[in-house]
Protein chains: 2
Amino acid sequence: MASQKSDTAMSPKITGELLRQLRQAMRNCKYFSEPIQAYIIPSGDAHQSEYIAPCDCRREFICGFNGSAGTAIVTEQHAAMWTDGRYFLQASQQMDNNWTLMKMGLKETPSQEDWLISVLPENSKVGVDPWIIAADQWKNMSKALISAGHSLVAVQDNLIDAVWTDRPERPSTQLRTLGLEYTGMSWQDKIVTLRAKMTERKISWFVATALDEIAWLFNLRGADIEYNPVFFAYTIVGMNTIRLFVDLKRLADPALRDHLQLGSPSKPELSIQTFPYESVYTELQAICAALGPKDKVWICDKASCALTQVIPKAHRTPIPYTPLCLSKAVKNATEIQGMKMAHIKDAVALCELFAWLEKEIPKGNVTEISAADKAEELRSQQKDFVGLSFPTISSVGPNGAIIHYRPLPETNRTLTMNEVYLIDSGAQYVDGTTDVTRTMHFGTPSAFEKECFTYVLKGHIAVSAAIFPNGTKGHLLDSFARAALWESGLDYLHGTGHGVGCFLNVHEGPCGISYKTFADEPLEAGMIVSDEPGYYEDGSFGIRLENVVLVVPAKPKYNYRNRGSLTFDPLTLVPIQIKMMNTELLTQKERDWVNEYHRKCREVIGAELERQGRKEALEWLIRETQPIV
Amino acid sequence: MASQKSDTAMSPKITGELLRQLRQAMRNCKYFSEPIQAYIIPSGDAHQSEYIAPCDCRREFICGFNGSAGTAIVTEQHAAMWTDGRYFLQASQQMDNNWTLMKMGLKETPSQEDWLISVLPENSKVGVDPWIIAADQWKNMSKALISAGHSLVAVQDNLIDAVWTDRPERPSTQLRTLGLEYTGMSWQDKIVTLRAKMTERKISWFVATALDEIAWLFNLRGADIEYNPVFFAYTIVGMNTIRLFVDLKRLADPALRDHLQLGSPSKPELSIQTFPYESVYTELQAICAALGPKDKVWICDKASCALTQVIPKAHRTPIPYTPLCLSKAVKNATEIQGMKMAHIKDAVALCELFAWLEKEIPKGNVTEISAADKAEELRSQQKDFVGLSFPTISSVGPNGAIIHYRPLPETNRTLTMNEVYLIDSGAQYVDGTTDVTRTMHFGTPSAFEKECFTYVLKGHIAVSAAIFPNGTKGHLLDSFARAALWESGLDYLHGTGHGVGCFLNVHEGPCGISYKTFADEPLEAGMIVSDEPGYYEDGSFGIRLENVVLVVPAKPKYNYRNRGSLTFDPLTLVPIQIKMMNTELLTQKERDWVNEYHRKCREVIGAELERQGRKEALEWLIRETQPIV
């Protein structure tokens, strides 16, 4: 929830004693044959999750900094923490002076490798928990250290856990089964599809480590990690066996056992063998010991170094994303229908919020935090609401220019008639996941604010209305979102869109829309991504316009080489504030797009507001969707 | 010249006896300790040149296929040649049935590695000349073979040369010195700049192998390779020494000796030591034997495997493109001025050509070949003309849809009033290199031809008029060129632009405009690229519109984060045929762009036509540059 963590104090954590204990552990041969001279503490968990559970917040524990990205390294003499521009201020406030803040992206800041090489005595050993470093990161770090005469060492016992006396338990929340009415495909059929891909590529085994892929595969959801309806598990799929590694206590529920057909599989090759979560390592070892000379094992190159290295190199086939990741990204008809329903409910809540804000702001009592809380309250009234899909970004005026802002009591501003308000929020419903950003002014926006808003809108439309060939990668669309801003010398320093899960993680791969071309799979019909250009005027205001859009077939006049064409259909149906537009800067095509979009909002969301009897929001919707000329 | 090679017969080369001799050489232990089971014949030379000299046409010699891209592999039992879609027809006509054509890009075609693995007996040795395989290609091929139990072996003596009895001599044409009036920077200053970059990156030695980089560095030009004013050489630059490897006979000319200050350097560290071309290997070995423990050597990862492997791995710093490549890409004021002058002269020749075609086509005597010859004749009348910059693509009707078409007697079509004519041509002048494509109709184009032409024009303008932030990579602009085509379901299957040298290669790195993101350096002011979207209707017509454009600073309204903005200024000033446009499909902005472009053509080229007294072409220019409304 947006406001729950806002009581986190911004005073630095006192870390002197903790560091003393950690350094003692680094010298303690209980953990390894020889002492290590440095220890790396990445921010991830063993599944390389974007959001992590409290028991995995080891980097926060050791240094105090609780942002989403950062790596700490402790040597005998030094303690340093690398994070990016979003977090420089926060990190400097949360860490005491035992720590050096390494500002990533600044020219003078050394990389972790270069820094280690500069401070370590000759022939040093650098330790890391192989479970929380990805295989590809291990490879790069190891190479750099070896080239300087050092070595990277896998420390099986996590040294932070060794000094973290009150470390929380790993969550083991109740599992929820999803029927065909939500998933459109049984887990058995998903296994069959996966095995067909394995056969095609001559792969004998597949190791799944990403939590959202496992949840998707088995049509199960959990609540182990805030905002992400996933549960801690691993899965290994062979051509005749399915092994699921999970806290076995979770499997007691008869409905769940029935869903997984535990003990009574329809076919032997669809029988799930269950194992304790921790036994994945030894089971994978056993599987690998029995591999034939031609057997190949698929594992994502972002999986943990620990599991990856269990598989002998000759049998290992690392892939940048797994077949589950790609299958999950292409939503089936049932999932698309669910996502549409979720977005209708979400739009109802947002229309209510904006109608309420319009009424309440003039009274001077609404703050960033209370607006976020109100949004959550309104969403929670909708059917099958589960929780938020990420911490709400509710920001006024200058706070809007902080791209990953999250209101805290000490930064909390009051919404007024004089400043731009940006709210980026979303929810988990059993039928789908939402993520929407609107930027509004409740008084009279300045000409410059309107100008910037209009460029952002032009970019949003350029992507949303683009027609492009089947097989186009998302990065080829990124510049469409920027062209209008660029023409006036403006830009925004983030990508334009990310994949969105269906009652799963709000950020998912393997497709997106970004100038970064890394691991970018071609777009295809059924994929769902966000379209969210922005503009941020430091110290003044922030603008972002975000819809979740569905990739759909387009039918242009011609069909070159029978390739077929694609375009986007907005799932988000929330009015875009006309007051913020300088409509003279819009082309006729753009004005038509806005009018058609608002017509659809009025038709679809209007009907639902009517049905739910939410009169004020309906009036607001009607007012905000008048055609522009 | 466009027509010179057109007498190449399309009957297959008889290769039975040659293959027998080659296979004998593969078993002959004169060349290596053990026989090899396969021999790879790439198409390049020892400098990985795009165009090659006759003595380096080894792949053509062994199989008969003379296209620009292709790799032959010969085993005891098989002979196979891989090439891409441009050349399927030509290759199948030029090769006899000893050869299997491997059609790259088709799903069923195996890669060279996979094919080798499928046909070779266990534990085979695959040979290749390490001078004509690039280091990065060697690495990939070697890895694949090792993983299947085979090995890749460097065969120092080229086995094709061993059986090629009448192999031509390596060219050693006269060298031309370029003064400051053409280069804007002495070679001494270029060396100083290079060394400054080496110091910055702590590099002790730099090995230059690309012919255009060496020509640029020393302000020299040759004529060793058709269309490319380069000469065979290597260079090794240290912090105090400069070694030039070249046929020493070429250095007899006193003016040349003076230019290079041979024997009388201004400063000792600017003294050039000259060595025979062939001695680069042993000299580099000697340099490497004397390296200190911290010495690093820069070499491009596309340099030959032979030279790359001389440098011990610990001292080798491979780079995707060299500092010379980047320096050369950013033209200085003198080079820009030269490029502008070259493009004015080139436009004069083309205006004359088009005026002549308009008059001659109705008589029915103009063919693709005679039009190309006329273009060359007219260009050759211009000051400081050296030769063509690539073989002229002169194509009528369906031939226009063959992207890399080159007219041959057996394909030669007559220009008529009924078909679209596409001419892509360019020249080398001492002051600059040109490359321009125009598509015209001398009768009445169909509505569909006009529609497609107009989409291509819209794409051309979208790139040419784009404003984008400093530091933007060219691939981010590629989709601008396609958006109008995509909207109608159309596309073209090639990149949008390439770097252009200044009296150097018409294709150069490290920047360009393409959906391929490989080795794409950010655009900066002074770079020169082409802007050439197209549309090809198989069996019917081809459309391409190409200008060479200069990257220049733009001054939009705002300047976000002081990054500065860039745009393009067309150097090519040749009218774009208005008759081919459906002006109703153009926006007002696009019409303004066309009118402003034509105004500039009329002003600049008109003045030069006037000065040269070329009346008919001037009249044509005036007619073709009337404003559209």
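**Figure 1. The second largest cavity of the predicted model lies between two domains of chain A.** The model shown here and in the following views is predicted. Domain 2 (176-328) and domain 3 (330-624) of chain A each contribute residues to the lining of the second largest cavity, which is therefore placed between them. The space in this cavity amounts to about 80 Å³. Its lining includes A:Leu178, A:Tyr182, A:Thr183, A:Lys190, A:Trp216 and A:Asn219. A:Arg221, A:Glu335, A:Val430, A:Cys502 and A:Phe503 also line the second largest cavity. Sorted by class, the lining has 6 nonpolar, 2 polar and 3 charged residues.

**Figure 2. The largest cavity lies between domain 2 and domain 3 of chain B.** About 100 Å³ of space is found in the largest cavity. A search of the whole structure yields 6 cavities of 30 Å³ or more. Which residues lie nearest the centre of the largest cavity? They are B:Tyr182, B:Trp216, B:Arg221, B:Glu335 and B:Cys502, from a lining of 15 residues. The lining of the largest cavity comprises 7 nonpolar, 3 polar and 5 charged residues. Why is the largest cavity said to lie between domain 2 (176-328) and domain 3 (330-624) of chain B? The reason is that both domains give residues to its lining. As a general principle, rolling a probe the size of a water molecule over the atoms reveals where empty space remains.

**Figure 3. Chain A and chain B are related by a rotation of 180°.** In general, a rotation about an axis and a shift along it relate two copies of a chain. Here, the rotation of 180° is accompanied by 0.0 Å of shift along its axis, and chain A is superposed on chain B with an RMSD of 0.1 Å. This is the relation of a two-fold axis. The same surface serves both copies, since 100% of the contact residues of chain A recur in chain B. Of the residues of chain A, A:Leu476 comes closest to the rotation axis, with its C-alpha at 3.4 Å.

**Figure 4. The domain assignment divides chain A into three parts, and UniProt annotates two of its spans.** The assignment gives domain 1 (15-154), domain 2 (176-328) and domain 3 (330-624) of chain A. Taken over C-alpha atoms, the centres of domain 1 and domain 3 of chain A are separated by 37 Å. An unreviewed UniProt entry carries the annotation "domain: Creatinase N-terminal" for residues 36-156 of chain A. Residues 36-156 of chain A are 28% helix and 21% strand, and the end C-alpha atoms of this span lie 13 Å apart. For residues 566-628 of chain A, UniProt lists "domain: Peptidase M24 C-terminal" (unreviewed entry). Residues 566-628 of chain A are 56% helix and 8% strand, with end C-alpha atoms 28 Å apart.

**Figure 5. A cis peptide bond joins Gly509 and Pro510 in chain A and in chain B.** From A:Gly509 to A:Pro510, the cis peptide bond has omega near 0°. A:Pro510 belongs to strand 23 (residues 508-513) of chain A. Between B:Gly509 and B:Pro510, the cis bond has omega of about -5°. B:Pro510 is located in strand 23 (residues 508-513) of chain B.

**Figure 6. Phi is positive at A:Gln261 and at B:Asn123.** A:Gln261, a residue other than glycine, has phi near 50°. A:Gln261 occupies the loop between helix 10 (254-259) and strand 12 (272-275) of chain A. B:Asn123 is not a glycine either, and its phi is about 60°. The loop that holds B:Asn123 runs between helix 4 (112-119) and strand 5 (125-128) of chain B.

Technical notes. Residues numbered from 1 in each chain as written. Chains lettered and ligands numbered in written order. Predicted model: local features only at pLDDT ≥ 70, side-chain atom pairs only at ≥ 80, totals over all residues. Heavy atoms only, no water. Least-squares fit on C-alpha atoms with pLDDT ≥ 70 in both. Contact = heavy atoms within 4.5 Å. UniProt positions renumbered as here; feature names shortened; annotations may be inferred. Helix = DSSP H or I, 4+ residues; strand = E, 2+ residues; numbered from the N terminus. 1 Å grid on protein atoms, 1.4 Å probe; cavity = no way out; pocket = protein on both sides within 12 Å on 5 of 7 lines; lining within 4 Å. Points joined across faces, edges and corners; volume = space filled by probe spheres on them. Nonpolar A, V, L, I, M, F, W, Y, C, P; charged D, E, K, R; others polar. Domains from an automatic or database assignment.
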